[in-house]
Amino acid sequence: MNILHLDTNHPLLIEQLNALGFTNDEDYTSSKEAIANIIHQYDGFIIRSRFKIDKPFLDAATNLKFIGRVGAGLENIDCEYAEQKGIKLIAAPEGNRNAVGEHSLAMLLSLFNKLNKADREVRNGTWNREDNRGLELDGKTVGLIGYGNMGKAFAKKLRGFDVEVLCYDIKANVGDENAKQVTLEELQLKANVLSLHTPETPSTIGMINSEFINAFQNSFWLINTARGKSVVTKDLVSALQSGKILGAGLDVLEYEKSSFENLFKASVTSSAVEMPNAFKYLISADNVLLTPHVAGWTIESKEKLAQTIVDKIKAHFT
């Protein structure tokens, strides 16, 4: 088969596909339109998040047998249309789930212990112990929304703590020894921490809004390593200001573009910046921790993601 690589990845991806006898071409710079003009030559292509794979692009890919997405989510692909055309969709959530679980735990512990605030103060010559008194995770209830690869990985990391872990998922019977599956209402009644592990779908976009937040019995901490558009940022800020949300660890943002780059540029060629007021609050808040969509972005996961894609291609097409 002829395979086109549209984003750079770990070199083992091409090396192992070459060894399997596939032909591998690379094009990391051409426009989507230019790629659409040649995509009919390929049996498969591999992408991260370079551009959206929509109906016109899929129609141009007349010989396409598979799409490999080096990552967990498939929201940049018209999955329903691709499946109608008999195209195999290959993602790799197994490749970065451990990284996401560790990052989620790191964010939570950093927030509880005010590590980033304390570090910044000490570097600036301030030695303020009382104002940096932390919280312990033991005895808390952690609620997970979404209990697939990522949610399960985080729950596994929590096993060393004396916490109750609850999960809510649209699928039945996904709970296990690490998390008890409950209704959303029970999770909102009990949780002290909420961690999101959901894909981007019509039902999850804007899910964490004021109504949702205020349905929680307790004030709580929010961790989002899933998708930025799940959280309505202005409602999050209101909840931070009122104390309903005690702090937030955000690896993803509502404002992200599909490439995750040049977040607030007015246009690709512009140097002007248009920063939302809600984001201005987030970057100035001591109880908010921000990272640039890197929860699943480790040295190890880069290799694991590539290996997962190779293994799935091999299983289906050799």
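**Questions about a parallel sheet and its surroundings**

Reader: Which residue in E9 is the bridge partner of Val142?
Author: Happy to start there, with the note that this is a predicted model. Val142 belongs to E6, and E6 pairs with E9 in the parallel sense over four bridges. Within E9, Val142 has as its bridge partner Val193.

Reader: And which residue in E10 is the bridge partner of Val193?
Author: We can step one strand further along the sheet. E9 and E10 also pair in the parallel sense, over four bridges. On the E10 side, the bridge partner of Val193 is Trp221.

Reader: In what order do the seven strands of the open sheet run?
Author: The pairings above can be placed in the full picture. E6 pairs with E7 over five bridges and with E9 over four bridges, so to speak of the sheet we need both sides of E6. The pairing throughout this open sheet is parallel, and the order is E8-E7-E6-E9-E10-E11-E12.

Reader: Which strands are the edge strands?
Author: In the order just given, E8 and E12 stand at the two ends. Each of them pairs on one side only. The edge strands are therefore, under the rule that a pair needs at least two bridges, E8 (180–181) and E12 (288–290).

Reader: Which residue of E12 stands opposite Ala248?
Author: E12 has E11 (residues 245–250) as its partner, and the two pair in the parallel sense over three bridges. Opposite Ala248, in E12, stands Val288.

Reader: Is Thr141 buried or exposed?
Author: Thr141 is found in strand E6 (residues 141–145). Its relative accessibility is 9%. Because the cut-off for a buried residue is under 20%, Thr141 counts as buried.

Reader: With which side chain does the side chain of Thr141 make a polar contact?
Author: Beyond four places in sequence, Thr141 is in contact with Glu164, Leu166, Lys190, Ala191, Asn192 and Val193. One of these is also the bridge partner of Thr141 in E7. The polar contact, at 3.3 Å, is with the side chain of Glu164.

Reader: How many of the five residues of E6 are buried?
Author: Let's take the faces in turn. In a regular strand the side chains alternate between the two faces of the sheet. Thr141, Gly143 and Ile145 are buried on one side of E6, and Val142 and Leu144 are buried on the other. Of the five residues of E6, the number buried is five.

Reader: Which residues of E9 are buried on the side opposite Val193 and Ser195?
Author: Both faces of E9 (residues 193–196) are covered. Val193 and Ser195 are buried on one side, and on the other the buried residues are Leu194 and Leu196.

Reader: At about what angle does H10 run to E11?
Author: Helix H10 (residues 233–242) lies across E10, E11 and E12. Its buried residues are Thr233, Asp235, Leu236, Val237, Ala239 and Leu240, and what covers them includes H9, E10, E11, H11 and E12. Relative to E11, H10 runs at about 140 degrees.

Reader: Which residue takes a positive phi just after H1?
Author: H1 (residues 12–19) has Leu12, Leu13, Ile14 and Leu17 as its buried residues. Their cover includes E1, E2, E3 and H12. Just after H1, a positive phi of about 95 degrees is taken by Gly21.

Reader: How many residues apart in sequence are the parts tied together by Phe66 and Phe317?
Author: The structure holds seven aromatic pairs. In one of them, Phe66 and Phe317 form a tilted pair, 5.3 Å centre to centre with 35 degrees between the planes. Phe66 is buried at 0% relative accessibility, whereas Phe317 is partly exposed at 26%. Phe66 lies in E4 and Phe317 in H12, so the distance in sequence between the parts they tie together is 251 residues.

Reader: How far apart in space are Ala215 and Glu185, C-alpha to C-alpha?
Author: Ala215 is found in the loop between H9 and E10. With a relative accessible area of 42%, Ala215 is partly exposed. Ala215 and Glu185 are 30 residues apart in sequence, and their C-alpha to C-alpha distance is 8.2 Å.

Technical notes:
Residues are numbered from 1 along each chain as its sequence is written. This is a predicted model: local features need pLDDT of at least 70, side-chain atom pairs count only at pLDDT 80 or more; totals for chains, interfaces and linings use all residues. Side-chain values use heavy atoms; hydrogens and water are left out. Contact means heavy atoms within 4.5 Å. Axes are lines fitted to C-alpha atoms, for helices over the stretch in contact, and angles run from 0 to 180 degrees between N-to-C directions. Buried means under 20% relative accessible area, exposed over 50%, partly exposed in between (1.4 Å probe, protein chains only). A polar contact is a pair of N or O atoms within 3.5 Å; within protein, one must be able to donate a hydrogen and the other to accept it, and residues adjacent in sequence count only if both atoms are side-chain atoms. Rings of Phe, Tyr and Trp (its six-membered ring) pair if their centres lie within 6.5 Å; planes under 30 degrees apart count as stacked, over 60 as edge-to-face and the rest as tilted.
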